[in-house]
Amino acid sequence: MRNERIGDYLVSQGLITEEQLQKVLATQKESNGAKKFGDVVVELGFMTEINFTKALAGKLRVQYVDLDNTDINTDAVQKVPEALARKHTVIAIAITGKRLTVATNDPVNFIVLEDIKVSTGMDTVPVLATTSAINKAIGKCYSMQNVDSVLEGVTAMASDLGGPMDEEANDRVESAPIVKLATTIVENSFRADATDIHIEPFDKYTRIRIRVNGDLVELMNISSAVHSALTTRFKLISGMNIAEKRIPQDGRFTQVVDGTTLDVRVSSLPMVHGEKIVIRILSTGQIALRKITDLGMSDYNYQLFESMLRVPHGVILVTGPTGSGKTTTLYAALGEIAKPNVNVVTVEDPVEKAIDGINQCQVNQKAGMTFAAALRSILRQDPDIVMIGEMRDTETADIGIRAAITGHLVLSTLHTNDAASTVVRLVDMGVAPYMVATSLIGVIAQRLVKVLCPNCKRARMSTDEENELMGIPSSIQIYEPVGCPNCNNTGYRGRTAIHEIIHCTAKVSAIIAAGGGKEEIEAAAKANGTKLLRDNASELVQAGETSIDELVRSTFSV
């Protein structure tokens, strides 16, 4: 039993099939032993990294630890030097007397455990964790110790230069403290699951804030003396002109954090006290594409969405404000319908995630490569499925609708508040109502709402006003945010999406063709079974997943 190969064990436990096992072994053989069995299983999508690690823990009879939800002892972390932790992908998480509990992805590698024993002078007890969780924990636990030393170096550098940085100081930008500070800011922001970083110059100081779960949170304040050097550093690595400080600029760079390559977009804008830099963090294709089952849709909405994706030609629109997860939904839909026997072409501005097997085309306004120009060429490329990043103008919308009528499946996004007003917007943009009616398969409106932290949410009874908002007759138990160390005292952990899906049935199409307004379309859709955004958010509040504040923030209308 002890010597049973992990592949055979997974088959005997019914976790993978014999056919999948042979596929994994063949792929592993092709890599000439460069890849571990577990890495290949996860890469091929037969198991998630967590499920494989749990199965391995069962086979080796070693305890599995979920590092994301474990309190890591900082004294224990400091026992193992950072270099050693990174070299062997291990992190010490607890001390019990003379024993040190160490999370590793390879608990049978006794050389590593012996290495740590010699370094710390303590007996090591191995527990099993996923590689990505260990890398993330190493980054998080050691980086907090580094931030203070980096800031000290930067402050010392500023005082050496004697006050604010002048032009000659740019030559010293490559000096280690600034480089370290720029790297640390991006690393810590990524580890905090931030989507954007704002570096804002003021008279006496520079404020650095990060956007987590849609809200801006302060990361640190630094001396305004170093602002110029920090902005120059970001402009340098993102390919901007560092001598030009009077006009806005855009750039991009990549940075590897905890084994994940980040695609980082940088935008600079001149302000009164210097340039404001905003950095958008996008994880590249290394992070697996979401499946449509992972979008947080209710079962009812999921079935509607799936049936829409089966229609061979027409237009499917995803709508919502900026940052509501529209692109994620589109990519998930593409992942679902992009089979080897179809040609999928996308036009995006910019291409946010490179997807294997899909032809992606980047818009370039300066070169005259607009959405409309790219679309015209794409339709000569024999596509089956076309994805348009955004229908910004009449021309793009018109070509998109015509493509759908001529037998293509077109996916796109629009910036509107709800599903019904999307149809009205298309007609307002100049597309003939009869063309919208014949080509539209359906519209998905979505928003992101924050999920309550499970560790600290507090129960209470809803008030009459809240019952009215949720559309229920009597008071029920709902939850409100509190705040604890697990959620950085925000009361929320992560976000989920709420959806409103209008399926264009014959009745809805007839109203569109007759030039019906938003209210008529919405009434027909509701009679047809559409659940509005408010209904979806209300269900989440009643299930204790989100708060009444989030319901109001995401769906309130006058």
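A residue counts as exposed when its relative accessible area is over 50%. Keep that cut-off in mind as you explore this predicted model.

**Stop 1: two unusual backbone angles**

Select Asp-382. You will find Asp-382 in the loop between α13 (371-378) and β13 (385-388). Its relative accessible area is 60%, so Asp-382 is exposed. Now look at the backbone here: Asp-382 has a positive phi of about 50°, although it is not a glycine.

Next, select Arg-61, which sits in the loop between α4 (49-60) and α5 (74-79). Arg-61 is not a glycine either, and its phi is positive, at about 55°. Is Arg-61 buried or exposed? With a relative accessible area of 64%, Arg-61 is exposed.

**Stop 2: a buried threonine**

Go to strand β2, residues 99-104, and pick Thr-104. Thr-104 has a relative accessible area of 3%, which means that it is buried.

Which residues does Thr-104 touch, leaving aside its neighbours within four places in sequence? Show Thr-89 and Val-90, then Pro-126, Val-127, Leu-128 and Ala-129, and finally Ile-134: Thr-104 is in contact with each of these.

For a sense of scale, add Leu-295, which is 191 residues from Thr-104 along the chain. The C-alpha atoms of Thr-104 and Leu-295 are separated by 31 Å.

**Stop 3: salt bridges**

Side chains of opposite charge can pair when their charged atoms come close. How many salt bridges are there in this model? The count comes to 25. Here are some to visit.

Start with Arg-280 and Asp-196, whose closest N and O atoms are 2.8 Å apart in a salt bridge. This pair links distant parts of the chain: Arg-280 belongs to strand β9 (residues 274-283) and Asp-196 to strand β4 (residues 194-201), 84 residues apart. Switch on a surface and compare the partners: Arg-280 is partly exposed, at 36% relative accessible area, whereas Asp-196 is buried, at 7%.

Now select Arg-252 and Asp-263, whose side chains form a salt bridge with an N to O distance of 2.9 Å. Arg-252 is in strand β7 (residues 249-257) and Asp-263 is in strand β8 (residues 260-271), so their pairing ties together parts that are 11 residues apart in sequence. Arg-252 is partly exposed, with 41% relative accessibility, while Asp-263 is buried, with 8%.

While you are looking at charged residues, select Glu-200, Arg-207, Arg-209 and Lys-276 together. Salt bridges with shared partners join Glu-200, Arg-207, Arg-209 and Lys-276 into one network.

One more pair is worth a click: Asp-203 and Lys-204, which meet in a salt bridge at 3.5 Å, N to O. Lys-204 is exposed, with a relative accessible area of 69%.

**Stop 4: two packed helices**

Two packed helices are described by the angle between their axes and the distance between the axes. Select helix α18 (residues 506-513) and helix α19 (residues 518-527) to try this out. The axes of α18 and α19 come within 9 Å and cross at roughly 175°. That angle is over 145 degrees, so α18 is roughly antiparallel to α19.

Which residues make the contact? Show the side chains of Val-508, Ile-511 and Ile-512 on α18, then Glu-520, Ile-521, Ala-524 and Ala-525 on α19. Colour them by class, and the contact of α18 with α19 has 6 nonpolar residues, no polar ones and 1 charged. Glutamate counts as charged, so Glu-520 is the charged residue in this contact.

Key: Residues are numbered from 1 along each chain as its sequence is written. This is a predicted model: local features need pLDDT of at least 70, side-chain atom pairs count only at pLDDT 80 or more; totals for chains, interfaces and linings use all residues. Side-chain values use heavy atoms; hydrogens and water are left out. Helices (H or I, at least four residues) and strands (E, at least two) are DSSP runs, numbered from the N terminus. Buried means under 20% relative accessible area, exposed over 50%, partly exposed in between (1.4 Å probe, protein chains only). Contact means heavy atoms within 4.5 Å. A salt bridge is a side-chain nitrogen of Lys or Arg within 4 Å of a carboxyl oxygen of Asp or Glu. Axes are lines fitted to C-alpha atoms, for helices over the stretch in contact, and angles run from 0 to 180 degrees between N-to-C directions. Angles under 35 degrees count as roughly parallel, over 145 as roughly antiparallel, 65 to 115 as roughly perpendicular and the rest as oblique.
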